[in-house]
Amino acid sequence: MLKSEITCPNCGHKKIEEMLTNACQFFYECDNCKKVFKPSEGDVFTEFFLMSIATIGAFIIGEYPEGVAVMLFYAVGELFQGAAVNRAKGNIKALLDVRPKEVNVFRNGDYKSIFPESVSIGEKIQVRVGEKIPLDGILLSEKASLNTAALTGESKPDSIQKEAKVYAGSINLESVIEVEVTNKFEDSSITRILDLVQNATARKSKTELFIRQFARIYTPIVVFLAIGVTFIPYFLVEDYVFRDWLYRALIFLVISCPCALVISIPLGYFGGLGAASKNGILFKGASFLDAMTKINTLVMDKTGTVTKGVFKIKEVKAIDWKETEFMQYLMAMEGQSRHPIAKAILEYKAEGKGFEATEVSEIAGKGLKGIVNGKTVLVGNKALMTTNSIDVPTETESIVESIVLVAIDNQFAGYVVIADELKEDAKDTITSLHKVGIKNIIMLSGDKDSITQQIAKELNVEKAKGGLLPEDKLNEVETLKQNPENKVAFIGNGINDAPVLATSNVGIAMGGLGSDVAIETADVIIQTDQPSKVITAIKISCSTRRIVLQNIVLAFGIKVIVLILGAGGLATMWEAVFADVGVALLAIFNAVRLQRMNWK
């Protein structure tokens, strides 16, 4: 919301937050005491002033039914407008304000119910079935089934295992669980997200800012034009009748009220922000809803964006060994390593009793050497094999993914191919991006170029570059932006891609719930880490933009027509009331449609 250097009459605090309340008046809310008060007395040209003059004028010239109608419809319109605005703001707040009011914390040998604000990091809390997790933490129980719909928009329950992260606002579905607190109440993910969404209205779109400024200039201009409509014809027409021209001027005043614009346009953006939040997408402001509709070039990171960022075994090739026995030798060795590839290999389900490795030593940059079952085992890359004079099959040279070579007693025993998995919706996302009009899609990755090119080929991404440092990605995006026709969005994981997220026209972070850097740097945050949510974000942005433009055309179009008719004596006060209150209500109902749309 707009910040103004105004002093609060209640506490004397400055930098007051300007807010829109019922009807189309501007009120102020103090950042410090949170009390709402009216604008200064000098702000004369409000809609109430216009309606009052029109009503008094109608009574003066004897048009009692029309005078009553002006204030009656104005009051009814004010009720509808206030309800619509409060509902839009309330939806955004209620959507995320799911923070529990109490927590069961383990102290002095028993669980006690206290306020979440009083819980310290490291304490153990208990969450019963059906309760919301009050604070971020680590799961101490063996497993849990959580409903994260309030956070991510994903209705499917999330099953997690011991030592996994859990987030405040998630609902425990199956059994009583225990959680070790990792963040204080004010630092929890749900608190950060709530603050982010509530503050999103501070970043106004250019359309909103223009309409507000225009309304403040437009209304007094029409007041003076109405005065002109009343008196100027006295000097220009022969059969001047004061009553007739005053009536036309009163119609001008009623029509001049900018409620339809001032209310319905912010309401449209509120609806868009709320709809996005409901779908697990956080926009940092209405300005980014507009910016998203102009994107024609999409640059994406690979690892963690279109892939899961987790190594999995893609292929096992044992030579002169049974696969299970071969893997037992390999797993015995990798059990001594903390490398991510070792973790992937250890997930292999091997039958029988596992082997034990001894005398394991790490050879820097090459791999491991050790004794398993009385046999000398080498595990590593081609350099390790070459150093020990072990011949490697030429077929391994064409494999672009990460490969682990294994030799047992100085004989090549086989290899395992390790690859990062594509996310389930990655392919459909690229197809859908083309359908929504984004033709220029580029993949940039710090991974090997050969792997990057292969992933790009699988996804039908035409342009891809691998082996890039963060500064290289930044240079690529800056080069694209040098062409003013390119409106660039970048999708990254919100950590090492922070510079690129900040530089692009729209930075989109696959940040999940726990990434502080994503929330701080990106303009749009995808909470579920699903790339397909980018399509949803684009669709919501386009729908919001379409609703806003429809309201502008509707309000301006009907007002101009009735203004012209009123000046020519062809429109009555009834048409004027419709042009003001009626059009405002139509525009509001149109904006409220956003809250009911489905973008699946």
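Q: What average pLDDT does the chain have, and what share of the residues score at least 70?
A: The pLDDT is the predictor's confidence in each residue, from 0 to 100. This is a predicted model, and its chain averages a pLDDT of 78, with 76% of the residues scoring at least 70. Over residues 1-5 the pLDDT is below 50, and this stretch has 22 contacts in the model beyond near neighbours in sequence. Residues 15-27 likewise stay under 50, and the model gives them 71 contacts beyond four places in sequence.

Q: How many helices and strands does the chain have, and what percentage of its residues is buried?
A: The secondary structure comes to 19 helices and 26 strands. Of the 600 residues in the chain, 50% are buried. Contacts may also be sorted by separation along the sequence: among those with a separation of 6 or more, 63% join residues 24 or more positions apart.

Q: In what order do the seven strands of the open sheet stand?
A: Strands of a sheet pair through backbone hydrogen bonds, either parallel or antiparallel. Here the order is 14-26-25-24-15-22-23, and the pairing is mixed. Strand 14 (281-283) and strand 23 stand at the edges with a single partner strand each, so one side of each has no neighbour in the sheet. From one strand to the next, the twist averages 15°.

Q: How many bridges join strand 24 to strand 25?
A: Strand 24 (residues 488-492) and strand 25 (residues 506-509) run parallel and are joined by four bridges. One pair of bridge partners is G492 and A509, the latter in strand 25.

Q: Which strands pair with strand 21 in the antiparallel sense?
A: Strand 16 pairs with strand 21 in this sense over eight bridges, and strand 20 does so over seven bridges. Individual partners can be located in the model: K312 has A419 of strand 21 as its bridge partner, while S402 stands opposite I418, also in strand 21. Strand 20 and strand 21 form a hairpin with two residues between them, and D409 in the turn has a positive phi of about 50°.

Q: Why is strand 21 described as largely enclosed by the rest of the structure?
A: The description rests on burial, since nine of the 12 residues of strand 21 are buried.

Q: Which residues of helix 14 are buried, and where do they lie around the axis?
A: In helix 14 (residues 449-459), the buried residues are I451, T452, I455, A456 and L459. They cover an arc of only 135° around the axis, which puts them on the same side of helix 14. Their cover includes strand 16 (307-318), strand 20 (402-408), strand 21 (411-422), helix 13 (426-435), strand 22 (440-444) and strand 23 (463-465). Just after helix 14, N460 takes a positive phi of about 65°.

Q: Which residues have the most contacts inside the largest nonpolar core?
A: In soluble globular proteins, nonpolar side chains tend to be buried together. The largest nonpolar core in this model has 49 residues, and those with the most contacts inside it are F283, M292, M300, L433, M443, L459 and I508. Helix 18 (residues 533-567) supplies the largest share of this core, eight residues. A second, separate core of 23 residues includes F326, A332, L368 and V404.

Q: What does M300 touch, not counting residues up to four places away in sequence?
A: The residues touched by M300 are T305, V306, I430, L433, I441, I442, M443, L444, F490 and I491.

Q: Where does N108 lie, and is this residue buried or exposed?
A: N108 lies in the loop between strand 5 (103-107) and strand 6 (110-114). The residue is exposed, with a relative accessible area of 73%. Although N108 is not a glycine, its phi is positive, at about 55°. N373 also has a positive phi, near 55°, and is a residue other than glycine. N373 is found in the loop between strand 18 (367-372) and strand 19 (375-380).

Q: In which loop is G354 found, and how far apart in space are G354 and M327?
A: G354 is found in the loop between helix 11 (340-346) and strand 17 (357-363). With a relative accessible area of 54%, G354 is exposed. G354 and M327 are 27 residues apart in sequence, and their C-alpha atoms are 9.5 Å apart in space.

Conventions. Residues numbered from 1 in each chain as written. Predicted model: local features only at pLDDT ≥ 70, side-chain atom pairs only at ≥ 80, totals over all residues. Heavy atoms only, no water. Buried < 20%, exposed > 50% of the residue type's maximum accessible area, 1.4 Å probe, protein only. Arc of directions from axis to C-beta. Contact = heavy atoms within 4.5 Å. Pairing = 2+ DSSP bridges. Axes fitted to C-alpha atoms, helices over the stretch in contact; angles between N-to-C directions. Core = buried A, V, L, I, M, F, W, Y, C linked by side-chain atoms within 4.5 Å.
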